[in-house]
Amino acid sequence: MSATATLPEALAAQLDALRADYDRDGAVRVRGAFGPEWLAMLDRGIERNMEEPGPMGKRYTPEGKPGMFFADYCNWQRIPEYREFLFHSPAAEIVGRLMGSRKVNLFHEHVLVKEPGTLEPTPWHHDQPYWTVDGFQVCSLWMALEPVPREAGVEYVAGSHRWGRWFRPKRFADQKDHPTDEFETMPDMEQVKRENRLLGWDLAPGDCVVFQGLTLHGAPGNHLPTRRRAVSSRWTGDDATYVLRNGFMSPPPLPGAPEPGGPMDSPVFPVVRRA
């Protein structure tokens, strides 16, 4: 889908209605955002990715434990199905409208697969402290290829993107903090969940959730009888700038990245949509 292509009328109206909720809550569900052709394309891309993991690929499930939690990211330049989806699906138009940004840059894609019986949760965290990007127009578009009931999917703490707080990144392998002298320790999440409104949705294939980079979120293991394959594409907008952080950075500094403090526009983080 090019920068000048128009969305289906019903999808455009849905995004207009969701814009205020996104600003307030930091996460919204978009129904029916992607047709079966995009799901089939990502299906092929994920299978290729799992057969040929990239340098960032990880298997978080320890040897001998049930299921398998696989993740990989920054593969769009070598997996054509990912590139086609990221550059030509409605994804960039969807996030641009919700962020209120005239320009949308691709930050990267992140694939997360939990086989049936996987026990490992996705730890509570928010994304932007991991990332080499500053700014408020920063978000993820999370979509699953299988139906995901709310109890098996990601939950979000409504409004946490507006707390003005940045928490230390968590390692997915053991849920411990990445070593860094930046940011504060994650709060007691049981207390946070008691004191705040939690968001989560039943998702059908083709639905997605768009959430801001500072929205706290986490997910359980996979107790479903089916796989849970999710593609989370990361995007930035007009106010985003490149930054190098102390300690862990995701992705690590890459050749061709912009100068720190400058806009994201670069071969590594290309502009995909302009209003």
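Me: In the largest nonpolar core, which residues touch the most other members?
Reply: This is a predicted model, and in it the largest nonpolar core has 43 residues, of which V30, F34, I94, L98, L141, V210 and W235 touch the most other members. Take L141: leaving aside neighbours within four places in sequence, its contacts include F34, I94, V210 and W235. Another core, of 16 residues, lies apart from that one, and A27, V148, W201 and L203 are among its members.

Me: How do you know that C74 has no bond to C139?
Reply: A disulfide needs the two sulfur atoms within 2.5 Å. The sulfur of C74 is 16 Å from its closest cysteine sulfur, the one in C139, so that is too far for a bond. C139 has C208 as its closest, but at 9.8 Å that is too far as well. The structure holds zero disulfides.

Me: Why is C139 called buried and C74 partly exposed?
Reply: Buried means under 20% relative accessible area, and exposed means over 50%. C139 comes out at 0%, so buried it is. C74 has 25%, which falls in between, so partly exposed is the right label.

Me: What makes the buried residues of α2 lie on the same side?
Reply: The buried ones are W38, L39, M41, L42, G45, I46, N49 and M50. They cover an arc of only 165° around the axis, so they sit on the same side of α2. In general, an α-helix has 3.6 residues a turn, so residues three or four places apart point the same way. On the other side of α2, P36 and E51 are exposed.

Me: What covers those buried residues of α2?
Reply: The cover includes β2, β3, α3, β4, β7 and β12.

Methods: Residues numbered from 1 in each chain as written. Predicted model: local features only at pLDDT ≥ 70, side-chain atom pairs only at ≥ 80, totals over all residues. Heavy atoms only, no water. Core = buried A, V, L, I, M, F, W, Y, C linked by side-chain atoms within 4.5 Å. Buried < 20%, exposed > 50% of the residue type's maximum accessible area, 1.4 Å probe, protein only. Contact = heavy atoms within 4.5 Å. Helix = DSSP H or I, 4+ residues; strand = E, 2+ residues; numbered from the N terminus. Arc of directions from axis to C-beta.
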